[in-house]
Amino acid sequence: MKKIIFLLYIFSLSSFAQTSIDTISKKEKKELQLDEVVVSGTLKAVKRLENPVPVEVITTTFLKQNPSSNIFDALQNVNGLRPQNNCNVCNTGDIRINGLDGPYTMVTIDGMPIVSALGTVYGLSGIPNSMIDRIEIVKGAASTLYGSEAVGGLINIITKKPKTVPQFNADIFSTSWLENNIDLGYRASFGKNLDALIGVNYFNYNNPIDNNNDNFTDISLQNRVSVFSKWNFNRESKKEFSLVSRYLYENRWGGQMQWNKKFRGGSKIYGESIYTSRWEILGRYQLPTFEKMFLQFSLIGHDQNSVYGNSFFLANQKIAFGQYLWDKNIKNHSLLFGAAFRYQYYNDNTPASNQSNHSKIYSLFAQDEIQFSKKSSILSGLRYDYNSAHGAIFTPRLALKWKPTTNDILRLNFGTGFRIVNLFTEDHQALSGAREVILTENLNPETSFNLNLNYLKKYVLNNSGIVNLEFSAWQTYFTNRIFADYDVNQNQIVYDNLNGYSKIFGISTNLDWVTPFGLKVTVGASFYDAKTKQDDRKFTPLFTEKYTANWAINYEIPKWFVSIDYTGNITGSMRLPLLGGLDPRREYSLPFSIQNIQITYKKIHDLEIYSGVKNLWNWTPNRGNPFIIARSNDPFDQNVQLDNSGNAISTTDNPYGLTFDPTYAYGPNQGIRVFLGFRYHID
């Protein structure tokens with residue numbers, strides 16, 4: 001509580017700011033004017049400060065402050081977002097928004113859904129940074145416009161228009177762990193009517209490291225290639241028509257240090273090996289009508305061939321999505337009407353889904369933003385979905401906006417969400433082979449209710465720059481929540497709909513400061529209070545941190561042609577899955593911090609050379625724990641004795657009564673490393 005009061009106190013001090021902009025450059029004004037156009041939140045192009053739904057914009061400049069081979073890692077310094085490592089062996093993960101699990105996060109490219117929770121892993125890998133214009137983030141329920149995966153929030157990756165990029169881009173770096181990343185982009189024109197942007201991303205890591213001495217790789221080895229293209233058709237009518245395509249192939253493995261391909265699927269040496277092949281085609285076409293109407297579509301295929309020790313997981317998923325939008329303005333009404341259809345084919349070899357599944361969802365939605373005055377407006381919306389397996393589902397939303405001055409905005413948003421479980425996309429830990437997946441009944445869709453209060457203020461400080469301050473408070477309440485129970489049996493994950501409730505309350509604050517003397521600062525903090533009740537048991541959900549803090553500090557030294565970036569985050573304590581009362585690992589993690597520093601040299605024309613250190617303090621999850629992976633010396637449980645209930649019992653060889661289990665995962669296993677790279681472009 002003292003920390004919260006301190007943040008509110010800092011927030012109140014901003015009222016002493018003065019209003020003079022003479023000392024701020026035009027470029028710096030533009031960066032924090034809050035009038036950039038965003039499309040997330042309402043599916044309409046709206047200036048950020050005019051949008052009734054708060055949208056956070058992540059620029060490519062921010063992404064460069066902590067170079068990464070994928071967007072998944074790059075978002076670790078965004079307030080309210082946390083990339084979650086879900087497996088200590090294969091290192092797959094997802095992105096949590098406002099303390100909610102990764103399956104509640106929806107990922108879109110140019111507003112089109114990459115529909116699956118694994119999309120937050122594979123959907124955010126292999127997109128060349130040179131292709132990204134910005135990333136828009138909506139925190140809170142967005143199911144009214146985006147459907148079932150957008151319960152916790154939305155990550156919308158906006159790609160660049162071909163005409164706005166250099167002819168050629170290259171971004172290449174390597175680390176002291178021998179990770180190598182190549183990011184290339186090329187712009188091409190085919191006559192007057194077609195512009196194209198083509199990007200290739202290649203990542204390779206083939207250097208097994210075991211710094212924590214458990215005979216398992218600290219991070220998985222990866223070989224990934226992704227080809228991305230965007231095609232803009234220049235129509236005589238000036239109406240929009242674009243196509244985006246991407247193909248990704250990845251081969252990753254982690255496991256015992258002695259593992260190689262000949263042990264794949266066997267019981268001699270343990271390894272987790274994942275072959276992924278994924279393709280995506282997205283399109284947006286503006287109809288040749290007087291009215292502003294669009295057709296959007298996406299086609300997605302995902303094939304996965306995985307082994308977890310001697311357990312095979314073979315899955316195939318295909319999704320077809322189409323959407324019609326009508327954007328209409330009538331006097332003080334900004335209307336949007338839409339209809340959508342989603343078809344999904346899914347099949348895998350698990351007991352939870354031992355036969356092919358075909359599902360269809362038909363959707364209708366509408367929203368109306370009524371502008372009462374220059375200062376106030378209200379947005380209401382309603383979505384109707386008919387699911388072939390679950391019937392009719394309604395998701396309403398309501399947003400109030402009050403703008404008392406040109407530099408202040410207060411927003412109150414209420415929304416509902418729904419979600420349908422699919423274990424292929426739901427929980428990678430359920431597929432590890434270390435625990436048996438138990439479904440106690442046919443899982444029903446869950447419903448959530450989200451209330452969010454957001455206040456944003458822009459200040460211009462006399463001789464000190466421009467400051468944006470933002471404060472949010474929210475609550476999300478679930479009924480019928482789909483719940484993965486790790487506590488009933490150490491060898492099982494039991495999936496059920498809650499016979500109770502789940503809720504999370506949170507507050508967050510952000511500060512952006514651009515100065516006239518070369519200093520730029522972004523600081524944020526969030527606090528969470530999460531509770532779940534199942535029958536008569538009330539507890540804190542697993543993997544939900546109590547607080548987070550993030551920062552990104554940039555300092556430019558023009559006379560030296562140098563910029564310095566210092567980025568980092570702090571993650572508070574969270575409850576972790578133990579394997580019984582004798583398990584010596586901590587039930588609650590210790591707070592930890594990942595910090596990075598980078599120096600960029602910019603004197604050479606069209607060339608930037610950058611170098612730095614990641615994870616400065618060399619933090620890894622084994623700090624404060626005797627081990628991370630349970631029974632890493634016996635991954636096939638050959639020397640484990642079980643009681644009649646299937647739980648391990650204490651023996652001389654197994655004094656803690658454990659079974660092999662890699663699910664005690666919450667932070668990156670990779671320690672300190674140095675990196676060196678360069679960026680080059682040809683206009």
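**Close-up 1. A nonpolar patch on the surface of the predicted model**. Eleven side chains are named here: I182, V200, Y202, V225, V227, Y247, Y249, W279, I281, F297 and L299. Together they make a nonpolar surface patch of about 810 Å². Five strands each supply at least two of the patch residues: β12 (194-205), β13 (221-233), β14 (241-255), β15 (271-286) and β16 (292-308). V200 is one of the patch residues and lies in strand β12. Its relative accessibility is 31%, so V200 counts as partly exposed.

**Close-up 2. The hairpins on either side of β11**. Strand β10 (residues 168-175) pairs with strand β11 (residues 179-190) in the antiparallel sense, over seven bridges. Here S174 stands opposite N180 of β11. Three residues separate the two strands of this hairpin, and L178 takes a positive phi near 65°. β11 also pairs with β12, again antiparallel, over twelve bridges. E179 faces Y205 of β12 as its opposite residue. This hairpin has three residues between its strands, and G191 in the turn has a positive phi of about 70°.

**Close-up 3. The largest nonpolar core**. This core holds 33 residues. L75, L81 and I135 have the most contacts inside it. Helices and strands both contribute: α3 (60-64), α4 (71-74), β5 (93-97), β6 (105-109), β8 (132-139), β9 (153-159) and β17 (311-330) each give two or more residues. Around L81, the touching residues include L75, I95, I97, I137 and I155. L81 also touches Q76, R96 and K139. A second, separate core has 16 residues, among them V57, M106, Y146 and A150.

**Close-up 4. An open sheet of five strands**. The order is β3-β8-β9-β6-β7, and the pairing is mixed. The edges are β3 (56-59) and β7 (112-113), each paired on one side only. Inside the sheet, β6 and β9 run parallel and share five bridges. T105 has G153 in β9 as its bridge partner.

**Close-up 5. Two salt bridges that reach strand β17**. The structure holds 26 salt bridges. In one of them, the side chains of K44 and D327 meet at 2.7 Å, N to O. K44 sits in the loop between β1 (37-38) and β2 (46-47), while D327 is in strand β17, 283 residues apart. K44 has 7% relative accessibility, so it counts as buried. D327 is buried too, with a relative accessible area of 13%. E291 forms a salt bridge with K328, with the closest N and O atoms 2.8 Å apart. E291 lies in the loop between β15 and β16 and K328 in strand β17, so this pair ties together parts 37 residues apart in sequence. E291 counts as partly exposed because its relative accessibility is 21%.

**Close-up 6. A salt bridge within one loop**. The side chains of R631 and D653 meet at 3.1 Å, N to O. Both residues lie in the loop between β34 (607-614) and β35 (673-682), so the bridge ties together parts 22 residues apart in sequence. R631 counts as buried at 7% relative accessibility. D653 is partly exposed, with a relative accessible area of 42%. Elsewhere, salt bridges with shared partners join E50, K401 and K403 into one network.

**Close-up 7. D536 in its loop**. D536 lies between β29 (519-534) and β30 (537-539). Its relative accessibility is 80%, so D536 counts as exposed. D536 and G500 are 36 residues apart in sequence. In space, their C-alpha atoms are 8.3 Å apart.

Key. Residues are numbered from 1 along each chain as its sequence is written. Side-chain values use heavy atoms; hydrogens and water are left out. A nonpolar core is a set of buried Ala, Val, Leu, Ile, Met, Phe, Trp, Tyr and Cys residues joined through side-chain atoms within 4.5 Å. Buried means under 20% relative accessible area, exposed over 50%, partly exposed in between (1.4 Å probe, protein chains only). Helices (H or I, at least four residues) and strands (E, at least two) are DSSP runs, numbered from the N terminus. Contact means heavy atoms within 4.5 Å. Two strands pair if DSSP finds at least two bridges between them. Patches are made of residues with over 30% relative accessible area and no salt bridge: like charges are joined within 9 Å, nonpolar side chains (Val, Leu, Ile, Met, Phe, Trp, Tyr) within 5 Å. Accessible areas come from the Shrake-Rupley method with a 1.4 Å probe; for residues, only the protein chains shown count as cover. A salt bridge is a side-chain nitrogen of Lys or Arg within 4 Å of a carboxyl oxygen of Asp or Glu. Lists of a residue's contacts leave out its neighbours within four places in sequence.
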